[in-house]
Amino acid sequence: IPNFGVEQRGGVSVAFVQISDEPISSPKFKTADIAVAFSRRSIQRISKYCGPETLFIYEDDIEDAEGEFPSEYKKTMGIPAVKIAREKLHPKVFNVLMMGTIVGITNVVKVDQIKKEIENRLGYIFEKNPDLRTMNFEALEIGVELAANE
């Protein structure tokens with residue numbers, strides 16, 4: 001569930017995702033199993049959701065990010081998503097690369113299922129520019145590979 005406010009005007013955006021085989025009573029939670037930060041400000045904002053069992057993933061391009069890490073976490077994982085996307089694909093797909101990393105870590109959802117959903121959501125855009133499909137799918141695969149190498 002997204003948490004919108006000043007985010008619409010360039011502030012930090014926070015989203016909560018829960019996956020379970022059981023009914024989920026509330027989409028928010030106190031402590032994340034995995035927390036992902038794309039910016040220094042987002043590190044500060046999501047730190048309160050981190051605990052001793054949280055895997056903390058962050059965009060590796062954030063300067064001096066380690067000084068901003070949450071006080072509690074199990075493990076950190078810096079992913080150079082922006083750099084990889086910029087050098088190999090397009091900067092706009094860095095978030096899909098990061099999603100691929102999470103998919104690769106958790107194995108909760110199959111890559112083919114994610115590709116189908118990306119196609120369902122963005123297929124009309126891909127029709128106009130098929131290269132975007134290729135870039136998004138490649139970003140997803142690269143993220144999964146990054147998780148496998150961790």
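Me: How many of the 150 residues count as buried, as a percentage?
Reply: In this predicted model, 35% of the 150 residues of the protein count as buried.

Me: And what area does the protein expose?
Reply: The exposed area comes to about 9,700 Å², and carbon and sulfur atoms supply 48% of that area.

Me: What about the radius of gyration, how does that go with a compact globule?
Reply: The protein has a radius of gyration of 16 Å, which agrees with a compact globule, because a globule with 150 residues would have a value near 15 Å. Along its principal axes, the C-alpha trace spans about 45 × 40 × 35 Å.

Me: Which elements is it built from?
Reply: The protein has 5 helices and 5 strands, and from the N terminus on they run in the order β-β-β-α-β-β-α-α-α-α.

Me: Switching to pockets, how much space lies in the largest pocket?
Reply: About 1,600 Å³ lies there, and the lining is made of 38 residues, with Ala15, Phe16, Val17, Val36 and Ile102 nearest the centre of the pocket.

Me: Which helix gives the most to that lining?
Reply: Helix H3 does, with 8 residues. By class, the lining of the largest pocket has 26 nonpolar, 9 polar and 3 charged residues.

Me: And the second largest pocket, what lines that?
Reply: The second largest pocket holds about 160 Å³ of space, and its lining residues include His90, Lys92, Leu122, Phe126 and Met135. H4 and helix H5 (130-148) each supply at least two residues of this lining, which divides into 6 nonpolar, 2 polar and 1 charged.

Conventions. Residues are numbered from 1 along each chain as its sequence is written. This is a predicted model: local features need pLDDT of at least 70, side-chain atom pairs count only at pLDDT 80 or more; totals for chains, interfaces and linings use all residues. Side-chain values use heavy atoms; hydrogens and water are left out. On a 1 Å grid over the protein atoms alone, a cavity is a set of points where a 1.4 Å probe fits but cannot get out, and a pocket is an open set with protein on both sides within 12 Å along at least five of seven lines; lining residues have an atom within 4 Å of a point. Grid points are joined across faces, edges and corners, and a volume is the space filled by probe spheres set on the points. Helices (H or I, at least four residues) and strands (E, at least two) are DSSP runs, numbered from the N terminus. Ala, Val, Leu, Ile, Met, Phe, Trp, Tyr, Cys and Pro count as nonpolar, Asp, Glu, Lys and Arg as charged, and the others, Gly among them, as polar. The radius of gyration is taken over C-alpha atoms; the globule rule is 2.2 Å times the number of residues to the power 0.38. Buried means under 20% relative accessible area, exposed over 50%, partly exposed in between (1.4 Å probe, protein chains only). Accessible areas come from the Shrake-Rupley method with a 1.4 Å probe; for residues, only the protein chains shown count as cover.
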